[in-house]
Amino acid sequence: MSADLLLATMLVPLLMLAACLSAEVRRRMPRLLWLAPLPGLAAALLAVGEPPMVLDADRLRFTLELGRPAALLLGVASLLWSAAGAYAAAYLPRELATQRFASWWLLTMAGSLGVFVAGDLVTFYLAFAMVSLSAYGLVIHDRTERAWRAGSIYLLLAVLGEIFLLFGFAVLAVASPGDSIAIADVMAALPASPWYGATIALLILGFGLKAGMVPLHVWLPLAHPAAPMPASAVLSGVIVKAGIIGLIRFLPWDAGGPVLGEALTVLGFVTAFYGVAIGVTQANPKTVLAYSSVSQMGVVMAALGAGLAAGQGATPMDAAFYASHHVLAKGACFLAVGVAYAAGRRRMVAVMIPVLLLVLSFGGFPLTGGALAKAAVKDQLGYGLLGALSMISAGGTTLLMLHFARRLAAGMKEAGDWPGLGMLLPWLAMTTAAMAVPWLLFTEVGSFADVFKTDALWKAVWPMLLGAALVPLLGRLPAVPEGDVLIPAERAFHRAAGPLGRAADGLERVLNCWPQAGLALLLLLLGFGLALV
């Protein structure tokens, strides 16, 4: 029964998408989106550590399995997909465009949850390609000029990431002495591969692009503001975790790697500090949150690199715990933006109190879920130079998230009214989960006794005080116009996206044929995967 839950995690969203061929079901589907990720939540609770499930073992060998780090991320990702699905039904108008949104949503969800349960190269590649390419439909949903531009850049980078991974997986399969393409088998053979360095480089590029590693991060600050609010929540909260689970699954933990680990640590901290430095210059609160995701994923990559360099076998679980808090808290922040804009200034206090709890949690304020998340990676980032960089990063995160709160309050309209329960309840549920779930799961990665030590509490507080003290200086920083070019790499991608944007006019006509086009895309992805077998 538990193995069947792994299959249902991917299959239920796809079956719901297929049911959209019926006009009547398609009309009602937006109100049913919250149900689709529930098998994933059940699998995270009941199927972790079960023997792999192999489909068509003689030929295709599709393998599904669920380890502890993946189960942790699958559980919180399913919670966010469910809450954001309920939120979307109330947030979006009930019309043809919403039905098309539901089709993209289900296809993206199938891939997003599938990467956590995939046990072989083909299944993982199919799921990764599905979430990467299908998310394009969520980005361009509003069909505005900004949405088309963001979608063009996103699609360009998504395809680039697929190319990196396709070559990386191909080399992994060729270097494996047997005919098995199970992830465990090909990774066991990787240290002896003559193409070890090239393989690792391709994998880090592919997964780092999805996770927002600088300078491949440029899709995040463009895609998040362009997408509808519930789509932004899953883009930032869940979809970037496809890159994180890829790093967890495909880094050589058994063989270790001091040089590789140190390089990844440096890339991680560069990404973390870059996200803060650019984020504090942004005016749009959704863009601020996007750069916050860049920064937070940088911390996760730094923790993975430091653990790999030191040969710490617990690192995948510790990093997954840190990333799981980000799933919950960042999803709640994006849902809060929609609630705040609807509620208006007269209800600012009631909205901003939960928002400020989330902001403090990101900084690592004691007794919050974020404090536990930072404690989880203490073994990797809690000592020496890395410890100092980690504390400076915490101060920067506090500054950036307080800037988000300022921009959110400034963007609230004078007039407004409470949104319906369809928006309020998912937002409050995710805010509560961001505070409570880490406490329920922390014993998997650490001890509460260490969290409540006096020196640990002080180490958590003083970087936040430093970050808060710098908030008054934010008003003196020049605001960067939305979509402005900040680094040469961004300028290059913006130019490259021009021809792609012109091709979007023709693509729009295809997209309007949903859900038939969604099923065609699924068949295309299956074709790519079968070509690897």
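The legends below describe three close-up views of a predicted model.

**View 1. A nonpolar surface patch that includes Leu470.** Trp458, Trp462, Leu465, Leu466, Leu470 and Leu473 together make a nonpolar patch of about 590 Å² on the surface of the predicted model. Leu470 itself lies in the loop between helix H22 (454-469) and helix H23 (488-511), and with a relative accessible area of 35% this residue is classed as partly exposed, because that value falls between the 20% limit for buried residues and the 50% limit for exposed ones.

**View 2. The surroundings of Thr123 in helix H6.** Thr123 belongs to helix H6, which covers residues 121-139, and its relative accessibility of 6% places Thr123 among the buried residues, since buried means under 20%. The side chain of Thr123 makes a polar contact with the side chain of Asp120, at 2.5 Å. When residues up to four places away in sequence are left out, Thr123 touches Phe62, Thr63, Leu64 and Ala118.

**View 3. Helix H16 and the helices packed against its buried residues.** Helix H16 (residues 348-363) has 16 residues, which at 1.5 Å a residue should span 22 Å, and this agrees with the 22 Å that separates its end C-alpha atoms. The buried residues of H16 are Val351, Met352, Pro354, Val355, Leu358, Val359, Ser361, Phe362 and Gly363, and these pack against helix H14 (285-310), helix H15 (315-343), helix H17 (369-376), helix H19 (384-411), helix H20 (421-441) and H22. Just after H16, Gly364 adopts a positive phi of about 95°.

Conventions:
Residues numbered from 1 in each chain as written. Predicted model: local features only at pLDDT ≥ 70, side-chain atom pairs only at ≥ 80, totals over all residues. Heavy atoms only, no water. Patch = residues over 30% accessible without salt bridge, like charges linked within 9 Å, V, L, I, M, F, W, Y side chains within 5 Å. Areas by Shrake-Rupley, 256 points an atom, 1.4 Å probe, with all protein chains shown as cover. Salt bridge = Lys/Arg side-chain N within 4 Å of Asp/Glu carboxyl O. Helix = DSSP H or I, 4+ residues; strand = E, 2+ residues; numbered from the N terminus. Buried < 20%, exposed > 50% of the residue type's maximum accessible area, 1.4 Å probe, protein only. Polar contact = N/O pair within 3.5 Å; in protein donor to acceptor, adjacent residues only side chain to side chain. Contact = heavy atoms within 4.5 Å. Expected span 1.5 Å × (residues − 1).
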